Amino acid sequence: SVSSAGRLGRSRCHIQWGRSPRPGYGSMGKRKSSAKPPPKKAAAKLEEQFNCPFCNSSQTVYCQMDWEMSRGTVSCVSCLESFTSNIHHLSEPIDVYHDWLDECEKQNT
């Protein structure tokens, strides 16, 4: 016995061959490849050499971070001035340098 749908030439399946029920997907079950995300920009590096506030020499102040003692020391190579401050796990050399500048301002006022 042939169904009425078969006699009329229509199929019971509502999905047509070669067409996907969802737009944007291929007919063979593969998903459309997505566009690659743009590459991340590299973070700007922080300075590790600084200008001396005493002798005004450029790039002569270096910082040493002693993590075991929790101390950061900045010192100028040309005038031999130095400063030591306490540091923690988030501290960077620029933080110790700015602590030195803040202490200099506090002494001058």
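**Helix H2 and its packing against the strands**

The buried residues of H2 pack against four strands, namely S1 (49-50), S2 (61-66), S3 (71-76) and S4 (82-86). Here buried means under 20% relative accessible area and exposed over 50%, with partly exposed in between (1.4 Å probe, protein chains only); helices (H or I, at least four residues) and strands (E, at least two) are DSSP runs numbered from the N terminus. The model is a predicted one, with local features needing pLDDT of at least 70, side-chain atom pairs counting only at pLDDT 80 or more, and totals for chains, interfaces and linings using all residues. Residues are numbered from 1 along each chain as its sequence is written, and side-chain values use heavy atoms, leaving out hydrogens and water.

On H2, the buried set is Pro-93, Val-96, Tyr-97, Trp-100 and Cys-104. Seen down the helix axis, these buried residues fall within an arc of 100 degrees (taken from the directions from the axis to the C-beta atoms), so they line one face of H2. Exposed Glu-105 and Lys-106 sit on the face turned away from that buried side.

Trp-100 reaches well beyond its own helix: setting aside neighbours within four places in sequence, its contacts (heavy atoms within 4.5 Å) include Cys-52, Val-61, Val-74 and Phe-83.

Two of those partners meet again in the strands, as Val-74 stands opposite Phe-83 in S4. S3 and S4 pair in the antiparallel sense over five bridges, where pairing takes at least two DSSP bridges between strands. The two strands form a hairpin with five residues between them, and Leu-80 in the turn has a positive phi of about 65 degrees. On S4, Phe-83 and Ser-85 make up the covered face, while Ser-82, Thr-84 and Asn-86 lie on the uncovered one.
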